[in-house]
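Trainee: Please take one part of this model and go through it closely. I would like to hear about the salt bridges, and then what surrounds the main pocket.

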Amino acid sequence: MTSKGQITIPKPARDALQLHPGDRVEFVFGDDGRLFLLPATRPLGSLKGMLPKPAHPVSLEETDAASAASGRP
């Protein structure tokens with residue numbers, strides 16, 4: 001990592017993610033603390049199954065409470 005916090009993505013990873021100069025990426029943390037690097041242009045449907053299902057179904061009220069607690073809209 002450089003002093004500016006920049007990293008180099010190895011060519012095999014760039015190829016697998018079909019990344020090109022100027023593409024944007026997203027860093028997503030999994031519940032287990034793992035960090036995922038995803039192309040920002042990836043269709044939402046391609047993310048299905050990446051993270052484990054919750055132990056129990058989450059109600060709309062629980063979702064709203066979690067959203068309010070995070071401070072995000």
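Mentor: A salt bridge here is a side-chain nitrogen of Lys or Arg within 4 Å of a carboxyl oxygen of Asp or Glu. The model is a predicted one, and it holds 2 salt bridges.

Take the pair in the helix. Lys-11 forms a salt bridge with Asp-15, and their closest N and O atoms are 3.1 Å apart. Both residues belong to helix α1, which covers residues 11–17. Lys-11 and Asp-15 are 4 residues apart, about one turn of that helix. As for exposure, partly exposed is the class between 20% and 50% relative accessible area. Lys-11 has a relative accessible area of 48%, so this residue counts as partly exposed. Asp-15, at 45%, is therefore partly exposed too.

The other pair is Arg-34 and Asp-32, whose side chains meet in a salt bridge with an N to O distance of 2.8 Å. Arg-34 and Asp-32 are both exposed, a class that requires over 50% relative accessible area.

Now the pocket. The largest pocket has a volume of about 200 Å³. Its lining includes Ile-7, Ile-9 and Arg-14, as well as Leu-19, His-20, Pro-21, Gly-22, Asp-23, Arg-24 and Val-25. Phe-27 is also one of the lining residues. Sorted by class, the lining has 6 nonpolar, 2 polar and 3 charged residues. Among the residues that line this pocket are Arg-14, Asp-23 and Arg-24, and Asp and Arg count as charged.

Notes:
Residues numbered from 1 in each chain as written. Predicted model: local features only at pLDDT ≥ 70, side-chain atom pairs only at ≥ 80, totals over all residues. Heavy atoms only, no water. 1 Å grid on protein atoms, 1.4 Å probe; cavity = no way out; pocket = protein on both sides within 12 Å on 5 of 7 lines; lining within 4 Å. Points joined across faces, edges and corners; volume = space filled by probe spheres on them. Helix = DSSP H or I, 4+ residues; strand = E, 2+ residues; numbered from the N terminus. Buried < 20%, exposed > 50% of the residue type's maximum accessible area, 1.4 Å probe, protein only.
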